[in-house]
Amino acid sequence: GYGFLGITSYTFLQDQVKEYNLRLLSPVSASSQVEVPLCQSMLAAPDGKELTCNVTRCWDIKHLEAYPKVLLQLGDLRTEPRQGDIRVMPPIISSVTPLQIPDSGETTIEIDGSGFSDPYWPAQDGDFQQQCANATAANQPSSGAGQVLQEAATNASAPPAPPAVLLIGSMKAKVGSAECVIEEQNSSYIKCTIKDPNRPLRAPPEEGETFGKIHRSLDVSVTVSMGQVKSSPTRIKSALSECAQEGYYRPSLSSPLCSACPIGRFSAKTQDQWPLLCEDCKAGKYNDQEGQSLCKACPTNTNSVPGSVSLQDCLCIDGHFSRVYDPTRSFGLPGYACTACHEDGYLTDEFEDQKCEEEVQTGTLCNQPNVNLCVRDRKTDWKLCIFSCKGGTLLPTAAPGFFVTGHSKLDQLAINGKEEYQPTSVICNPEGACQGSQECSPGYEGDSCSQCVKHHWRDTDDNSCVECGFMQMVGTLILAGMAMMGGVGVFFLAMLYMKIRSDPIFKEQFIYVGTRT
């Protein structure tokens, strides 16, 4: 520049420093900054157009910025800050070992390069000047620092680069999104350890997805920094940590440790979310053990809800029942193969007044209570359902026109040795006496709904129970009166007979009156 007069040309106030000073402005937050002296001393040229800076020997790296603002101060005179005249050379990474790391878990990284800082030299209370003195005395300058500070080559008359300085302080290393804690460091070597996950494990979920697709392998960047001066990134591979065996998963995304899948779930390498999740067993399957790679299938004609944990979760599907009964024979035990209520043994020919496809609706399962249904048998003929089966653990109930009379034991045994049963039934007479599900129609009662209730009479033409009318009520009253009178007469004759037998005088008088009349 110009106007750089010698110090003796100025008059300073008592508390002012009597020298030129080149200062770098280093931001410490959005609203504050520190001023770091760049020169130990400065010498003005006789022509007043040049200042020579004797660069400070040490620099605390926490104040480093890639392109710091610089200002010149003399006493209370200060130039406006300028930026871009000075560049802090970044550290350079030449190699990283290993070239592939797991996505999480404790991993040690070794970084070789140049321009790294030297670690702090011990000093009481962190006195930086003392640290600088210790480093200088130890004669261990940063051999890889090179020309850390270099004036921008804006024109051919730029002065030569100043000498190297000692960069003092611990650097920071980062691998992907994880901090790499530095354990060893010098001017050309860093050894650090990652303890946190270094990258996302999944892509963002797309529409309709609960979880995004897993990144099996992903490139991550390795960088080192001194203050705000950062090296160019070096890429290495971050591979997904997988479990040693199927049936296990990683409960925590931040740890590679695996645990067994709980009951009702499973994991396999073919799954999209292996090994980060265990999947629920699908409907019709169950898992009653931990750490499984497959789910077990439910028995024939049974189903289960997703995530079932026991064989007992396998229940009969609609239109079927379990022939393995509980000890009280009130429900079918779960976990056994179920039988269809539309098999040949549980069907009958259609009734004369209930023709299939005419008076009776048709279907494929005998599964609607209190409704007559026709299904096709193995010969594809229409047959009438005797029972209605709703699945689950419910036993078959009688269809309209039928009545369940009990349950008979089958000759063969189930696979596990359990006894099997099946319902027995009769056709109600008349058919309309039974509504289905062991319910009698109005006017009927008793086993198989074979009896008429009070105030009903049996019509012998069709065996139906008919509610009594007025004439039937009168006839009943007359018969009741006659029966009552007959009873009184019999009582009178019995008393007369006993009197005759017990009283001889009365007997003679009774005979006398009888003979006279």
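In this predicted model, Asn-463 sits in the loop that links β43 (456-459) and β44 (464-467). Its phi is near 65 degrees, a positive value in a residue other than glycine. Asn-463 is partly exposed, with a relative accessible area of 26%. A second residue of this kind is found at Cys-449, which has a positive phi of about 55 degrees although it is not a glycine. Cys-449 also belongs to a loop, the one between β41 (444-445) and β42 (451-452). With a relative accessible area of 0%, Cys-449 is buried, because the cut-off for that class is under 20%.

The backbone shows further features at two prolines. The peptide bond leading from Thr-97 to Pro-98 is cis, with omega near 0 degrees, and Pro-98 is placed in the loop between β10 and β11. Another cis peptide bond joins Trp-274 and Pro-275, where omega is about -5 degrees. Pro-275 lies in the loop between β23 (265-266) and β24 (279-280).

Strand β12 (residues 107-114) offers a good place to look at how side chains are arranged. In a regular strand the side chains alternate between the two faces of the sheet. Along β12, Thr-107, Ile-109, Ile-111 and Gly-113 point to one face and are buried. Thr-108, Glu-110, Asp-112 and Ser-114 point to the other face and are not buried. On one side of the pairing scheme, strand β10 (residues 92-97) runs antiparallel to β12 over 5 bridges, with Ile-92 opposite Ser-114. Strand β17 (residues 189-194) is also antiparallel to β12 and is joined to it by 6 bridges; here Thr-108 of β12 has Thr-193 as its bridge partner.

Just ahead of this strand comes Ser-104, in the loop between β11 (100-102) and β12. Ser-104 counts as buried, at 2% relative accessibility. Its side chain makes a polar contact of 3.0 Å with the side chain of Arg-250. Beyond residues up to four places away in sequence, Ser-104 touches Arg-250 along with Pro-197, Asn-198, Ser-241, Leu-253, Ser-254, Ser-255 and Pro-256.

Strand pairing takes other forms elsewhere. Strand β3 (residues 39-44) and strand β4 (residues 51-55) are antiparallel partners over 5 bridges, and Ser-41 stands opposite Asn-54 in β4. These two strands form a hairpin with 6 residues between them, in which Gly-48 takes a positive phi near 75 degrees. An open sheet of 4 strands, with mixed pairing, follows the order β31-β34-β33-β32. β31 (347-348) and β32 (361-362) stand at its edges with a single partner strand each, so one side of each has no neighbour in the sheet. The partner of β31 is strand β34 (residues 382-385), which runs antiparallel to β31 and is joined to it by 2 bridges. One of the residue pairs between them is Leu-347 with Cys-385.

Ser-388 is located in strand β35 (residues 387-388) and counts as buried at 3% relative accessibility. A polar atom of the Ser-388 side chain lies 3.3 Å from the backbone nitrogen of Gln-368. Apart from neighbours within four places in sequence, Ser-388 is in contact with Cys-366, Asn-367, Gln-368, Pro-369, Pro-396 and Thr-397.

Tyr-421, in strand β38 (residues 419-427), is buried as well, with 9% relative accessibility. The side chains of Tyr-421 and Glu-419 are joined by a polar contact of 3.2 Å. Not counting residues up to four places away in sequence, Tyr-421 touches Phe-321, Arg-323, Tyr-325, Arg-329, His-407, Ser-408, Lys-409 and Leu-410. Glu-209, by contrast, is 212 residues from Tyr-421 in sequence and 47 Å away in space, C-alpha to C-alpha.

Finally, the interior can be searched for empty space. Rolling a probe the size of a water molecule over the atoms shows where such space is left. The structure holds 1 cavity of 30 Å³ or more, and the volume of the largest cavity is about 30 Å³. Its lining includes Cys-314, Leu-315, Cys-316, Ser-322, Gly-332, Leu-333 and Pro-334. Gly-335, Tyr-336, Cys-338, Gly-392 and Thr-393 also line this cavity. By residue type, the lining divides into 7 nonpolar and 5 polar residues, with no charged ones.

Conventions. Residues are numbered from 1 along each chain as its sequence is written. This is a predicted model: local features need pLDDT of at least 70, side-chain atom pairs count only at pLDDT 80 or more; totals for chains, interfaces and linings use all residues. Side-chain values use heavy atoms; hydrogens and water are left out. Buried means under 20% relative accessible area, exposed over 50%, partly exposed in between (1.4 Å probe, protein chains only). Contact means heavy atoms within 4.5 Å. A polar contact is a pair of N or O atoms within 3.5 Å; within protein, one must be able to donate a hydrogen and the other to accept it, and residues adjacent in sequence count only if both atoms are side-chain atoms. On a 1 Å grid over the protein atoms alone, a cavity is a set of points where a 1.4 Å probe fits but cannot get out, and a pocket is an open set with protein on both sides within 12 Å along at least five of seven lines; lining residues have an atom within 4 Å of a point. Grid points are joined across faces, edges and corners, and a volume is the space filled by probe spheres set on the points. Ala, Val, Leu, Ile, Met, Phe, Trp, Tyr, Cys and Pro count as nonpolar, Asp, Glu, Lys and Arg as charged, and the others, Gly among them, as polar. Two strands pair if DSSP finds at least two bridges between them.
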